[in-house]
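This report goes through a structure of two chains part by part. Please have the sequence and the 3D view open while reading.

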Amino acid sequence: MAGQSCSQLSLFTPDEVEFMAEDELVEIVPNLRMDSLNFICGDYGPFYPQIAIQVPLWLALALKKRGKCTIRPPQWMSIDNLTQVLEGERESHAFQSLPFHYVEISRLLLDHARDDIPEIYMVRSLVEDIRDVRFHKVETNLENFTASAVTWKNMAAMEVNIIRAFSGRALQAFYRHENEQLIPDLDRTQDRQPQNLNDRPRRNLRPR
Amino acid sequence: MKIRTLKLQEAHKPSSAYGAANGSSFCSILWDQQARHLVTASSSDSGISIHDALLPSTTPKILRHHRDGVTALALSPNSTCLASGSIDNSVKLYKFPGGDFETNITRFTLPIRALAFNQSGSMLAAAGDDDGIKLINTVDGSIARVLKGHKGSVTGLAFDPMGEYLASIDSMGTVLFWELQSGTILHTLKGVAPNTGLDTSLVNILSWSPDGEMLAVPGLRNDVVMYDRDTAEKVFTLRGDHLLPLCFLSWSPNGKYMATSGLDRQVLIWDVLKKQDIDRQKFEDRICCMAWKPVGNTLAVVDVSGKYGLWESVVPSSMKSPTEDIPQSSKKTNGLMLFEEEGQEPCSSGSLGDLGEDSIGESGPPSRKRIRKRSEFDEDRSTENTIDDYGLLPQRMAPKRAREQLDKGANEELRSTAISVRSKMQEAFQPGVTPVQPGKRRFLCYNMLGTITTMEYDGYSHIEIDFHDTSRGPRVPAMTDHFGFTMACLNENGSVFANPCKGDKNMSTLMYRPFSSWANNSEWSMRFEGEEVKVVALGVHWVAAITSLNYLRIFTDGGLQKHILSLDGPAVTASGSKNQLAVVTHASNCLPSNDQVLEFHVFDIRNGTRPSRGRLPLSPGSHLIWFGFSEEGLLSSYDSKGVLRVYTSQYGGSWLPLFSANKTKKSDENYWVVGLNASKLFCIVCKSPEVFPQVMPKPILTLLDLSSPLASSDLGADVLENEFILNNLHLFQIQKRIEESSSDGRDTTDLDDEAFSTEAAQDRCILRLIASCCNSDKLVRATELVKLLTLEKSMKGAIKLVTALKLPNLADRFNNILEERMLNETKDMSEAAGVAVNQGSGLGRNGTSSEVSSEPSCIPSSSTTLSAPHFVKKVVNRGEQKGRSDHNQTAREVQPEAATRGRSTELRTTAAAAAATAAGNEESSRTSNPFFKSSSTHEGPAKESTCQRPPSNPFKKSVK
């Protein structure tokens with residue numbers, strides 16, 4: 001978790017990652033009749049009451065806040081699936097397959113669509129457990145991070161975000177150590193780059 | 001002897017709360033007379049479950065009236081009355097199979113342990129931990145006698161089939177023979193059965209053989225002892241492989257076999273005459289009750305943990321069936337009948353009752369003066385009840401039956417029983433209703449607009465109305481319903497409710513609640529004396545109710561009784577939409593093949609007409625389960641075999657099957673139809689075995705594609721073929737609407753556009769079909785398809801397509817067809833132009849061209865040959881506005897192409913010749929266009945005119 005809290009190490013803030021996750025599609029059941037909505041990202045609708053439809057998460061949440069729909073929690077958020085995933089995570093070193101934005105989606109749904117998720121406390125604790133296990137794995141994996149081929153499958157956005165900057169720099173460092181004479185001046189320019197990125201003024205995203 | 005295993009199904013949850021120490025409880029199981037239902041109860045569960053034996057997967061009906069575990073059950077011999085005794089010290093009566101609570105017939109001070117009906121059902125014996133067996137008249141609940149003599153709690157009661165004696169057994173194993181007439185003890189057999197002590201899950205039982213000659217009692221040596229009817233002497237014993245004492249025994253209906261269950265968890269089947277066991281089965285738990293199926297070779301068992309199961313083919317097929325040669329005790333002897341009137345049906349009787357009753361009514365027993373008086377009084381009451389019940393039972397049964405039979409799993413069983421059971425006319429139902437489930441909210445009405453749900457409490461219900469579209473529909477406050485509404489209907493303006501009548505006090509009531517009205521207190525209700533509302537429907541400014549007297553009553557939404565019509569037969573269902581009311585009635589009794597004979601009538605309430613009527617088709621052996629209008633206002637029906645039909649005026653009015661659940665269905669899903677539109681069916685998908693949705697969680701509508709039941713063709717383009725048929729239907733509907741609205745003088749522009757886009761879609765579909773025809777070498781079919789294309793552009797597309805597919809032969813043909821068509825069009829046009837010129841010259845003597853062009857606007861008054869005058873006017877306008885540019889444009893488009901084609905010159909000359917005869921100048925040829933349009937209004941989509949014009953162009957050129 002250390003990486004998550006330290007914004008210096010990651011490329012994006014959790015808020016930003018969450019913002020990106022809001023483009024994921026979820027299924028909602030509207031309770032109103034509405035013509036289709038035309039957005040830059042695409043056209044959604046028309047909406048008919050009691051007929052399920054797929055919309056981006058941000059739209060789902062906007063409708064949900066106005067009491068215009070119920071959100072159908074995605075398949076992977078079922079208790080059965082989560083328990084299975086948690087077991088899998090605990091048993092093996094590999095990451096179980098979960099949606100790329102599982103942390104953000106589950107967080108948003110658990111925060112804003114409480115009444116639509118059956119057994120919400122169970123789901124919440126399962127997701128938290130899974131997240132903890134996986135973050136722990138990420139950190140332990142970093143300990144034996146070497147220059148040799150690194151293949152981490154099924155990593156989620158938040159997890160990648162934690163290690164993105166670090167691993168990039170680490171790989172560069174490895175590379176530099178191996179070919180010291182080839183790129184003497186690279187560390188001046190590229191090494192700083194992530195930090196420069198982090199130094200830029202951050203736009204605070206409006207919390208949901 | 002092979003050991004089979006039988007899978008048991010849980011009916012009652014075992015709970016240690018009031019069961020015996022080991023968590024086991026005494027459970028009871030019963031068949032009804034016709035083996036349609038199984039009734040189970042458990043001493044650890046206050047609910048009595050009525051399972052549908054034909055459809056075991058459906059959720060049982062649960063009667064929760066007792067406050068504590070149910071220890072004893074009894075069904076009257078005609079299966080119309082169910083009695084239950086409970087640890088809560090009460091004995092209750094219910095109607096059967098409806099399950100409506102009738103009365104608390106008696107109360108004890110201690111738990112009830114045993115119940116028994118006598119052979120006529122007029123008397124109920126009840127006993128338990130109290131001392132004394134109560135004999136109760138079932139009709140008025142009076143206690144005829146209390147028989148005292150047992151020391152312990154009485155656990156078993158049995159009326160002798162001949163009606164003379166009552167045998168009882170207590171927990172200490174003492175058997176008493178009572179004479180009913182005098183109420184005295186004839187014989188006392190002390191300690192002949194095991195002493196069961198205080199374990200209430202274990203009861204002593206005894207049973208008369210069906211012929212009444214012997215009484216079977218569990219013996220002390222893990223055996224069954226038979227005692228003689230009159231002398232109470234031991235006749236013989238059945239001894240065999242039971243290792244522990246018996247806990248239940250049951251005679252097969254014919255008395256040839258007996259099933260016994262022991263504490264050793266075995267069930268043995270005995271051949272009674274040979275005194276030998278013929279089969280056995282081991283169970284996981286102790287079987288505490290068993291019942292032979294009255295028809296068929298099946299034994300129902302229930303164990304102490306509340307699980308029940310059916311042991312099929314108990315008696316080997318080599319032996320006589322357990323239901324063969326059932327002794328007719330009442331014919332053999334004139335046994336005592338407490339109520340001896342002819343044809344009387346004691347207790348309450350529903351429609352099921354009359355089959356098995358004959359044998360009882362025929363007997364002429366000796367008169368019993370003492371009881372006689374009461375029985376005369378009773379007769380009056382019971383006949384009254386009978387009348388009520390005939391009205392009541394079907395209504396309540398309706399929705400449940402209707403849904404239940406969807407279950408396909410039970411189909412085979414259903415079929416086999418359908419032969420033995422007389423086929424039954426379908427009961428009235430309300431579209432979109434779900435059956436009563438105790439303790440759960442249910443839908444009274446579910447349509448595309450919203451829902452009406454109800455939940456029953458003690459003596460009242462709580463009704464809620466919700467609209468799917470929460471932003472549009474009005475908010476309707478929940479209401480408390482003291483009538484017990486079972487029928488409801490909902491539309492934008494209001495809701496209507498109705499209840500069946502319950503006895504004399506509670507008359508059938510119809511109530512209308514408008515959602516918004518300018519006046520206060522604008523809800524109204526009507527009461528019906530001596531008749532009962534069966535179905536309600538709702539439309540714009542009218543409310544319809546169909547009653548048991550087959551009256552169709554139409555009210556305005558203000559409550560004015562506007563029309564009362566007599567319908568042809570008993571109503572099945574009804575549905576309203578705008579001005580139209582559609583009613584389904586029975587045309588006659590069902591066919592022997594169990595097919596319903598239904599008829600539908602469509603009424604136009606505003607105009608007071610009946611636009612259509614006819615037979616309502618159903619799949620063989622099915623019944624109607626949903627009926628309503630599609631969003632476009634087409635009448636639709638859905639039957640229990642999962643076939644959706646839509647009524648069209650094609651072929652003089654016929655039903656087209658547009659959806660079949662069997663074709664699309666995943667095996668574990670049932671579809672509960674809510675509505676449909678032109679291309680989709682809206683339904684709620686229920687996971688099998690559920691056949692109807694629950695109120696919570698809120699069901700979600702699923703859209704399914706309509707699909708005609710196409711034969712699997714060699715083309716392999718089912719999707720396209722289906723689309724083709726649906727488009728055709730759609731097109732037909734639009735054209736019909738265009739005709740209608742144009743004859744009403746309304747603007748048809750929107751419809752024209754719609755028709756055009758549908759035609760374009762249809763052409764696209766046809767082109768793809770042509771492609772697949774060509775690919776599979778069905779050239780004749782492709783040619784037929786080309787003829788169906790409407791737009792010239794798509795015909796040319798077809799020609800290009802076949803050229804690309806290297807089928808020059810076909811391309812040639814297509815060209816011919818195209819030319820032929822263009823030729824015909826020119827001819828039509830020239831004829832039309834000829835007519836126009838004639839008329840023009842007839843009306844305007846001096847017939848200048850400018851007058852002819854302005855003619856159409858004044859023609860309507862004078863000309864009758866033109867079918868749609870206003871249409872002409874519109875096209876003229878359009879023609880004048882953009883005609884010019886269109887002409888030129890299309891001319892430019894078409895001419896080069898035509899010129900390249902070899903035959904174009906020929907075409908042009910004929911076209912020119914035809915046109916030349918029509919008129920002499922360009923102006924008149926332009927006016928001829930509108931006329932041509934008017935003569936072909938069916939095809940008249942707006943933009944088509946551009947395609948039809950080209951033929952006039954060659955002419956134009958030739959003139960120049």
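## A helix and the residue after it

Just after helix α6 of chain B, Gly745(B) has a positive phi of about 80 degrees. Helices here are DSSP runs of H or I with at least four residues, and strands are runs of E with at least two, both numbered from the N terminus. Helix α6 of chain B covers residues 718-743, which is 26 residues. The expected span of a helix is 1.5 Å times one less than its number of residues. For α6 of chain B that gives 38 Å, and the end C-alpha atoms are 37 Å apart, so the two values agree.

## How the model was made and read

This is a predicted model, in which local features need pLDDT of at least 70 and side-chain atom pairs count only at pLDDT 80 or more, while totals for chains, interfaces and linings use all residues. Residues are numbered from 1 along each chain as its sequence is written, chains are lettered from A and ligands numbered from 1 in the order in which they are written, and side-chain values use heavy atoms, with hydrogens and water left out.

## Confidence

The pLDDT is the predictor's confidence in each residue, from 0 to 100. Chain A has a mean pLDDT of 81, with 79% of its residues at 70 or more. For chain B the mean is 75, and 74% of its residues reach 70 or more. The model scores ipTM 0.74 and pTM 0.54.

Among the elements of chain B, strand β38 (residues 542-547) has the highest mean pLDDT, 93, and helix α2 (residues 358-362) the lowest, 38. Over residues 840-960 of chain B, pLDDT stays under 50. The model has 136 contacts (heavy atoms within 4.5 Å) beyond four places in sequence for that stretch.

## Where the chains meet

Ten residues of chain A contact twelve residues of chain B. Together the two chains bury about 910 Å², 57% of it on carbon and sulfur atoms; buried area is the accessible area (1.4 Å probe) that two parts lose on being put together, summed over both.

## Salt bridges

A salt bridge is a side-chain nitrogen of Lys or Arg within 4 Å of a carboxyl oxygen of Asp or Glu. The whole structure has 28 of them over all chains, with zero across the interface of chain A and chain B. One pairs Asp45(B) with Arg64(B), at 3.7 Å from N to O. Asp45(B) is in strand β4 and Arg64(B) in strand β5 of chain B, so the pair ties together parts 19 residues apart in sequence.
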